[in-house]
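Biologist: Thanks for sitting down with me. Could you put the model up so that we can walk through it together?

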Amino acid sequence: MPVIQVHQLSKHFGTLKAVNQLSFNVNEGEVFGFLGQNGSGKSTTIRMLLSLIHPTSGHIELFGKSLQTHRTQILEEIGAIIERPDLYPYLTAQEHLQLFAKLRSKKIGKEDIRNTLQKVGLIDRSKDKVQTFSLGMKQRLGIAIALVHNPSLIILDEPTNGLDPQGITDIRNLIQYLAKEEGKTILVSSHLLSEIEQMATQIMIIHKGEKVAEGPIQKLLDPNKMIVHIKTTNDAHTVQVILSGSFSNYLMQRTDGIYLSIPTYEIPLLNQSLVNAGVGLIGLESRNALEDYFLQVTSNSN
Amino acid sequence: MKAIISIELYKIFRRPRTYIAFGAIAALIMVIQLGLKMDGQSYAGFLMKDINDTLTVDGKVLNGYLICYILLQLLLVHVPLLVALIAADMISGEANLGTLRLLFTTPYSRSQWVLGKFIAASIYTIVLLIWLAFLALFVSMWIFGTDDLFLMKSNYVVLIQEHDVLWRYVGAFVFASFSLLTVTSLGFLMSSLANNSIGPIVGTMSAIVFFTILSTLNIPLFSVIKPYLFTTHMNNWKEFFDIKVNENNEAVFGTILNLAKIKTSLIVLTLHIILFVTASVFITKRKDILS
């Protein structure tokens, strides 16, 4: 059963179509990666899902209920962080969780608060005021607030913002744990495509407020193909060699270098052909597949 | 709703800014009390210089009741400033901080949030007024003692017997709470319109100054609107200290000269509170949270 159902959702700010006719579903237990460039409409969509922004048109259903008519009931089951982790500087981490726990109908005890702080790695700083926290720690506390009432749907907008590499790994592991072990449905947006690639089971890419791609990562990205970046001493000559040979169909139209989308088993053959043709080869670099896919679909729709 | 009020109060009283108002009131009152304690007799002489030739006054003129009256005259004009510091920050401050989106994604309606925040700000206002009452009335009574209250009006003198004074102060403070709650609700309305704290605080004060000027200007054009302005009614707590007299011009115990004026003022102030809070709810409900 879809936990989130969005149908023909639009939000216009004057003449600007921030989100336009967007439809998608998120199923129970999925980690749904929500991708888009800055200003593509991701945050506006997330804010509409949380009823922070009123849609211009369209319909949102969460847990099979209309957000417009069952808002309070629906929000009881959602935990969210939206963009920056903005908190009260004069309160401690523990006080934040205590206050937000009070706003839930579920009974949330001291032990639950302790466990949540433990989960995000803030137990040792629970009595410290937020004004002494780094951006990464605030982000963790934001996630703790989203989790404290044990919601079944978690919406995380850029949850790894401001985190160090260890922090990013921790949050990634936490998201995977919540999805796999606790069966949570998670919608996560991030500009770190490699992170989404490792976490998400399903992705959607929006560009200029419109959906440009959606589906399971495995389907969108051909596992038998790789994106290869060819670095040479003479790019013009290399392109000529590729166009005149059997690899011409794999050449991608890009201005930032020579890229081929090529079956993995043909890479050694490509290497050999380039050497035989006298190309001054510096290196063949495989690229992050999702990143390339993302750039491809967003540049196609420009 | 109870949860909203309790967390809003918690936040208000955990913020250092909250205590500026309490500190400012305490400092002002103590300075005035000290001044009057040291040099009060010459001040009393100055007050009574016009009637000294025709009237002999026995007893302690400069007593706790008179000090409290002087303090209220001075302070009730400025306390709205201190109330606006908190009330005008209640919604816009959260928008500025970015925490409004955290609050509005909890399972409560925006109307509940606005009303809960207004009630919390009102409780703060009342607590501030109780603090003011404690320092201005009870501490003054303790320092200066009590006696009959002798007040100089523009063209007559009012003498209220000692045992007829205290309930009038209770009435005056209850009335003042309506005045200050009007300021709280105005600050709240300003707060719902902005995404930063400074604008609504300055806006609230500007509105009070603007309407006070209109209320005090004796220009026929403004006379039509004067009865409907909240600023015309905010200072009518003084009516509690005007007493009826009998045919022998003797004060009648337990009476108020113009009770109808107090009732009208309370109705006008209450209507303003309802209007400002309703407008805040309406604006906040329609608002897109973009901060």
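**Interface and sheet**

Modeller: Happy to! This is a predicted model, and 21 residues of chain B are in contact with 20 residues of chain A.

Biologist: Which element gives the largest share of the side of chain B that touches chain A?

Modeller: Two helices of chain B, α1 (2-14) and α6 (100-103), each bring at least two residues to the side facing chain A. The largest share amounts to six residues, and it comes from α1(B).

Biologist: And by class, how many residues on that side of chain B are nonpolar, polar and charged?

Modeller: Five residues there are charged and six are polar. The nonpolar ones number ten.

Biologist: Lovely. Turning to the open sheet in chain A, which strands are at its edges?

Modeller: The sheet has six strands with mixed pairing, in the order β6-β7-β8-β3-β9-β10. An edge strand here pairs on one side only, and that holds for β6 (78-81) and β10 (210-216) of chain A.

Biologist: Do β3 and β9 of chain A run parallel or antiparallel?

Modeller: Strand β3 (residues 31-36) and strand β9 (residues 202-207) of chain A are joined by five bridges. Gly36(A) in this region stands opposite Ile206(A) of β9(A). The two strands run parallel.

Biologist: Which helix lies across β6 and β7 of chain A?

Modeller: Helix α1 (residues 42-49) of chain A lies across β3, β7 (153-157), β8 (185-189) and β9, at about 150 degrees to β7(A). The helix that lies across β6 and β7 runs at about 165 degrees to β6(A), and it is α5 (residues 135-147) of chain A.

Key: Residues are numbered from 1 along each chain as its sequence is written. Chains are lettered from A and ligands numbered from 1 in the order in which they are written. This is a predicted model: local features need pLDDT of at least 70, side-chain atom pairs count only at pLDDT 80 or more; totals for chains, interfaces and linings use all residues. Two residues are in contact if their C-beta atoms, placed from the backbone, lie within 7 Å. Helices (H or I, at least four residues) and strands (E, at least two) are DSSP runs, numbered from the N terminus. Ala, Val, Leu, Ile, Met, Phe, Trp, Tyr, Cys and Pro count as nonpolar, Asp, Glu, Lys and Arg as charged, and the others, Gly among them, as polar. Two strands pair if DSSP finds at least two bridges between them. Axes are lines fitted to C-alpha atoms, for helices over the stretch in contact, and angles run from 0 to 180 degrees between N-to-C directions.
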